[in-house]
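Me: I would like a close look at one part: the contact between the chains. Please take me through it step by step, in short sentences.

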Amino acid sequence: MRASAACELAGIPTASLVSEGYISQAKAVAKGLGLVHLALSLVPGHPTAQSADTLKNNIVNITLRDVIHNLTQSQKNTALEKEEKTDQIVFKGGFDEVNHYFYTNELSDGLPVVPPTLERISAFLKITPHRSDHIFGILPPDGRPASVWSIAVNGVMAGCRPEYMPILVALVQAMLDPHYGVEHSGNNPGGETLIMINGPIAKQLQFNHLHGVLRDGFLANTTVGRFWRLYLRNVAGFLPSKSDRATFGNTWKVVLSENESVLEEIGWEPNNVEMGFTRDCNTVTIARYTGGDVSSSVFGQTPAEIMPFLAASVLRQVSWQIMFTVGQSQGSLRPLILLTPAMARIFAKAGCSKQDVKQLIFEHARLPACHIERLLRDWTRKGIWNIADEVKKGTLPKHFHESDDPERLVPIVWKATDYMIAVTGDELRNDVYVFAHNGILGYPVGKKIELPADWSDVIKSIENIS
Amino acid sequence: MDPEIHIIMMKKNTMHPFYEVYSPQPARLKSHTKNLATRLPTLVGKTLAHVWDYQYRGNEIFPWIEEALKQQFPGIRFIHWKEFGSTHSNNERQVIENLSKKLKEFEVDAVISGIGA
């Protein structure tokens, strides 16, 4: 749709081939691009679920008619309907009525929301140096402005405390970063964003980094995680069955915080340093994952004993996602591995840095080349794939084709530093967790959390309350 | 009950607080609306480009469309999708940014783009 929009804006008419199940999302995306009547040509059913004969018959007898019509018949140029300003009261009522209003207008996730009153919104706006009407950018697919005001309103609704506002602002700045690819948030794999927080602010605002670090139940971790999904819904515009076409989807994730005390003790750099910031810099890092799994009780007192199970755990989270390594978006797979402090200490005791552990995983987590080619060429039919050709063209690193042996073992990422490692969770357990990354459909992006000048006063006031 | 009276009563009821709330959804900016390109009077003798996201069997679908259009519109010619690169890859922003320039280079009159699925 974005390609078609670029052509139309260049004065060249387009016909966009769109499968039956994608029509509503295509219309929503077109609206967000400001082209309400972008011309769609229907492809009945889904292209990958049809025999060649059926598909050809559908294309020649149905799609072709639309293509000719789209290119030769004048299309409407309707302006978007005028929308009400958002700095006006939209509803008055009791708690249940307010919640009913938001839910029936598709503005909430189904859980009760905190009513965004002027008093509550103002409390959030006090803890940011930005004006309430400041706009950080326009969010696809809905094409709405990501304003400071909207961040505050959604923060209130999610149940956040006002002092989380600097984090929420940084998150929206990250959401707008083109490297992250928020426009892909409604695609069929249905990945969900994991937010990682680093720096002194994590401790100041009591983010959990111990037991149940991925579980709800901790105010800061839970409500900031919920804010992300509400903002995706209300401002970016991802609505289930409309612009959000997740086949199965995932629920929003609570914020992950690293155990920075342990990292300091063992001399490993925290995630914010790996993302290019200093250790004392407060940051958020976002990336999308389609799933993940825990490996419990990883036995071993040395890296050599641990690596087979750890590598197998990493491999278990990479299937079709290998397309982000050697397929259409090469070199963009960044699996995230969570190590408990107990696990990290074993590596550190053996003299391994965080980077050394990444190198070990890079060397041990490998798949037969024929399996990768089968995944992409035969099982998902995503296009035309041949590892040898890509290496010859120079679009893949040489280590993916060091021989013609189809059983040769190749890595699942381009380089060791593509792996991300975070140290968190129960300090004493020997477990690991591996997230299945979504490649360019949620590439890791880090942003600094800008604090207001009176931040120390804000923190003192929280300490006084607690 | 008169809505105004209902509001006054709700405001006085401390057991069931009354709220005046704002929308979490910012209004789209007026400048956001854009116009579609003018359509062609005919496809006879025109140059069409296939623009592909390298997904969902476009390599099979585009040739079928091309073959059928050639039968209906004499002089029609096509620019292959390979000339533009994938519109859904880690280079997609660059590919889309370069589209306008490339389409002009190839003197393209219209584009068939896909596959949204």
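Reply: Start with one term. Two residues count as in contact if their C-beta atoms, placed from the backbone, lie within 7 Å. Keep in mind that this is a predicted model.

Now the count. On chain A, 82 residues are in contact with 58 residues of chain B. Which elements of chain A each supply at least two residues to this side? They are α1 (2-9), β1 (14-19), α3 (52-72), β3 (89-93), α4 (95-104), β5 (144-147), α6 (148-158) and α9 (219-236). The largest share comes from α3(A), with 10 residues. By class, the side of chain A that touches chain B holds 44 nonpolar, 28 polar and 10 charged residues.

Next, look at the strands. What is the order of the strands in the open sheet? The order is β2(A)-β1(A)-β4(B)-β2(B)-β3(B), five strands in parallel pairing. Read that order again: β1(A) is followed by β4(B), so a strand of chain A is next to a strand of chain B. In general, strands of a sheet pair through backbone hydrogen bonds, either parallel or antiparallel.

Why is one side of β2(A) and of β3(B) left without a neighbour in the sheet? β2 (40-43) of chain A and β3 (77-79) of chain B stand at the edges, each with a single partner strand, so one side of each has no neighbour there. Neighbouring strands in this sheet are turned against each other by 25 degrees on average, direction ignored.

Within chain B, follow one pair in the sheet. Strand β2 (residues 47-52) and strand β4 (residues 110-116) of chain B pair in the parallel sense over five bridges. One residue to find is B:W52, whose bridge partner is B:G114 in β4(B). B:G114 is worth a second look. The peptide bond from B:G114 to B:I115 is cis, with omega near 10 degrees. B:I115 also lies in strand β4 of chain B.

Helices lie across these strands. α3(A) lies across β1 and β2 of chain A together with β4 of chain B. This helix runs at about 175 degrees to β2(A). From chain B comes helix α2 (residues 58-72). It lies across β1 of chain A together with β2, β3 and β4 of chain B, at about 145 degrees to β4(B). Both helices, then, lie across β1 of chain A and β4 of chain B.

Now turn to α1(A). Is this helix largely enclosed or left open? Seven of its eight residues are buried, so α1(A) is largely enclosed by the rest of the structure. The buried residues are A:R2, A:A3, A:S4, A:A5, A:A6, A:C7 and A:E8. To count as buried, a residue needs 20 or more other C-beta atoms within 10 Å of its own. What covers the buried residues of α1(A)? The cover includes β1 of chain A, together with β2, α3 (92-105) and β4 of chain B. So β4(B) appears again, this time as part of the cover over α1(A). After α1(A) comes A:G11, whose phi is positive, near 85 degrees.

There is a further pairing between the chains. β3(A) pairs with strand β1 (residues 19-22) of chain B in the antiparallel sense, over four bridges. Here A:I89 stands opposite B:Y22 in β1(B).

Last, set the contact against the whole of chain A. This chain has 18 helices and 14 strands. Its radius of gyration is 24 Å, close to the 23 Å that the globule rule gives for 466 residues, so chain A is as compact as a globular protein of that length. Its C-alpha trace spans about 70 × 70 × 35 Å along the principal axes. Buried residues make up 51% of the chain.

Chain A is divided into domain 1 (2-72) and domain 2 (170-448). The centres of these domains, taken over C-alpha atoms, are 34 Å apart. Their contact takes seven residues from domain 1 and six residues from domain 2. On the domain 1 side, three residues are nonpolar, four are polar and none is charged.

Notes:
Residues are numbered from 1 along each chain as its sequence is written. Chains are lettered from A and ligands numbered from 1 in the order in which they are written. This is a predicted model: local features need pLDDT of at least 70, side-chain atom pairs count only at pLDDT 80 or more; totals for chains, interfaces and linings use all residues. Ala, Val, Leu, Ile, Met, Phe, Trp, Tyr, Cys and Pro count as nonpolar, Asp, Glu, Lys and Arg as charged, and the others, Gly among them, as polar. Two strands pair if DSSP finds at least two bridges between them. The radius of gyration is taken over C-alpha atoms; the globule rule is 2.2 Å times the number of residues to the power 0.38. A residue is buried if 20 or more other C-beta atoms lie within 10 Å of its own, exposed if 12 or fewer, and partly exposed in between; C-beta atoms are placed from the backbone. Domain bounds come from an automatic or database domain assignment. Axes are lines fitted to C-alpha atoms, for helices over the stretch in contact, and angles run from 0 to 180 degrees between N-to-C directions.
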